[in-house]
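I sat down with this one today and kept notes as I went. Here is what I looked up, entry by entry.

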Amino acid sequence: MHAPDFLDLGDDVTARLENLESLTDSTLTRLDVDDLLVELLERVRDILDVDTAAVLLLDETSKELVARAACGIENEVRQGVRVPLGTGFAGRIAASKHAVRLERVDETTVANPLLWEAGIQVMLGVPLFRGMAVIGVLHVGRLDARPFGDEDAMLLQIVADRIAGAIQTRAFAIERAAAVLLERSLQPSKLPQVPGLAFAARYVPAESRAVGGDWYDLFLLPSGHLWIVVGDVAGHGVHAAVVMGRIRSALRAYALLDTSPAHVIDLVDRKVEQFEIGALATIACAVSAPPYDTLTVAVAGHPPPVVATPAGTTSFAHIETSPPLGVLPVTDGRRSTTVDLAPGATVAFYTDGLIERRGESLDVGLERLRDATTAGPPERVAAQIMRKLVADTVPQDDIALIVLQRSGDPEAAPR
């Protein structure tokens, strides 16, 4: 499907393609995707002696090719040209996954009127691949009627492979940087100051994957109600981080209704089902009101918090489980559970990256967490949990952890 190595295409063509490859390498570190494409298309026009060159990328959601960069007829991009998959010249290239040559450019062969209105006489286009999947189309055109030959098609496919590789490399770097910034912006800048309570938090991203959708949140309402949230959106990358941000914002808004955690989760679930089609998330949500001697907790597909008492007992809270967000409607509503928070008690909320290990039962990780959690100052307990559960392993999934402790002095909390 891909073109043969360019070493068989002649010394002049080889030199031109080596020049293109050099440009690709040198610009990856300093240009964004759009600027990089423009640079590459300028070089394509020189290599193939054409008047126009354009890249259209496939929008997987709409199944349309969207003009992303153009040289010669820049209005393709400025006017936001879109071509349905299978329609017209570019759409046929993407659907067939093969090069297409045109010796007549008009409304019968091309869906984009800008091309024939500009006087383009002949065109050649090839697909852009990621593996075996088409991610877009590269096409070129001439104002004179010199037809494109087999060598031109082979040459353009080689160029397309270079461009596809550059797009993927640079786009991944940009996406990862954007996701990291987004993810960091959605973590609390500082933990709330609540008389009678102390907190510690940890967030550790996976080292071997793109940014994910784990998060934690602690916020205090004007009523004095403290909300504690940990959650995990399935997937990685910008999309997971964006969905995580939307869920976090929705949960904060619904918390202002002064209702139970279970009802808040139900409302967020309805929002996910309506506006985040295909998204899946787990969540543990708790609220405590002055004097902070109880926690009202609800979970959706998430492991329960672990509670350690000053008497030396540690156990997982007995919380009624319910499906994750985005799975199926919960017709009769979720239910909250109230957990006593004795003076000196310590509670840990976490995401599954802390307890899951490949090839190991989840129960083993849960027991490891239970054994590592003791009643004590939150910073000390959080460090102890991370030391015993993460140790020197390389995190394969994001980890979010919140540890809170009620003061051992009952008089320290407001009433």
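**Entry 1: the six-stranded sheet**

I began with an open sheet of six strands, and I should say at once that the model is a predicted one. I read the strand order as β3-β2-β1-β6-β5-β4, with antiparallel pairing. At the edges I found β3 (82-84) and β4 (100-102), each of which pairs on one side only. Going from one strand to the next, I get an average twist of 25°.

I then looked at one pairing in this sheet. Strand β2, residues 64-71, pairs with β3 over three bridges in the antiparallel sense. Following Leu65 across, I found Val83 as its bridge partner in β3.

**Entry 2: the helix across that sheet**

Next I turned to helix α4, residues 88-96. I see α4 lying across β2, β3, β4, β5 (122-130) and β6 (133-142), and running at about 35° to β5.

Which residues of α4 are buried? I noted Phe89, Ala90, Gly91, Ile93 and Ala94. The cover over these buried residues includes β2, β3, β4, β5 and β6.

I also checked what comes after the helix. Lys97 follows α4, and its phi is positive, near 60°.

**Entry 3: a pair of helices**

I moved along to helix α7 (residues 238-255) and helix α8 (residues 261-275). Two packed helices are described by the angle between their axes and the distance between the axes. For α7 and α8 I wrote down an angle of about 140° and axes 9 Å apart. The two helices are therefore oblique to each other, as roughly antiparallel would need an angle over 145 degrees. The crossing of α7 past α8 is right-handed.

Who makes the contact? From α7 I listed Arg246, Ile247, Ala250, Leu251, Tyr254 and Ala255, and from α8 Val264, Leu267, Val268, Lys271 and Val272. Sorting the contact of α7 with α8 by class, I get nine nonpolar residues, two charged and no polar.

I paused at Ser249, which lies in helix α7. Is Ser249 buried, exposed or partly exposed? Its relative accessibility is 43%, so I put Ser249 down as partly exposed; that class sits between under 20% for buried and over 50% for exposed. I also took its C-alpha separation from Val268: 9.6 Å, for two residues that are 19 apart along the chain.

**Entry 4: the chain as a whole**

I stepped back for some totals. The chain has 10 helices and 16 strands. It runs to 415 residues, of which 51% count as buried. I also looked at contacts between residues at least 6 apart in sequence, and 65% of these join residues at least 24 apart.

**Entry 5: strand β14 and Thr337**

In a regular strand the side chains alternate between the two faces of the sheet. I followed this along β14, residues 337-340: Thr337 and Val339 point to one face and are buried, whereas Thr338 and Asp340 point to the other and are not. Strand β11 (residues 294-300) pairs with β14 in the antiparallel sense, over four bridges. In that pairing, I found that Leu295 has Val339 of β14 as its bridge partner.

Why does Thr337 count as buried? Its relative accessible area is 19%, and the cut-off for buried is under 20%. What does Thr337 touch, leaving aside neighbours within four places in sequence? My list for Thr337 is Leu295, Thr296, Val297, His318, Ile319 and Glu320.

**Entry 6: the five-stranded sheet**

My last stop was an open sheet of five strands, in the order β7-β16-β15-β12-β13 and with antiparallel pairing. β7 (197-204) and β13 (314-316) are at the edges with a single partner strand each, so one side of each has no neighbour in the sheet. Direction ignored, neighbouring strands of this sheet are turned by 15° against each other on average.

Inside the sheet I checked β15 (residues 346-350) against β16 (residues 399-406), which pair over five bridges in the antiparallel sense. Phe349 has Ile402 as its bridge partner in β16. Helix α9, residues 362-372, packs on this sheet and touches β12 (306-308), β13 and β15. I noted the direction of α9 too, which makes about 145° with that of β13.

Key. Residues are numbered from 1 along each chain as its sequence is written. This is a predicted model: local features need pLDDT of at least 70, side-chain atom pairs count only at pLDDT 80 or more; totals for chains, interfaces and linings use all residues. Side-chain values use heavy atoms; hydrogens and water are left out. Two strands pair if DSSP finds at least two bridges between them. Axes are lines fitted to C-alpha atoms, for helices over the stretch in contact, and angles run from 0 to 180 degrees between N-to-C directions. Contact means heavy atoms within 4.5 Å. Buried means under 20% relative accessible area, exposed over 50%, partly exposed in between (1.4 Å probe, protein chains only). Angles under 35 degrees count as roughly parallel, over 145 as roughly antiparallel, 65 to 115 as roughly perpendicular and the rest as oblique. A crossing is left-handed if the near helix is turned anticlockwise from the far one by less than a right angle, and right-handed if clockwise. Ala, Val, Leu, Ile, Met, Phe, Trp, Tyr, Cys and Pro count as nonpolar, Asp, Glu, Lys and Arg as charged, and the others, Gly among them, as polar.
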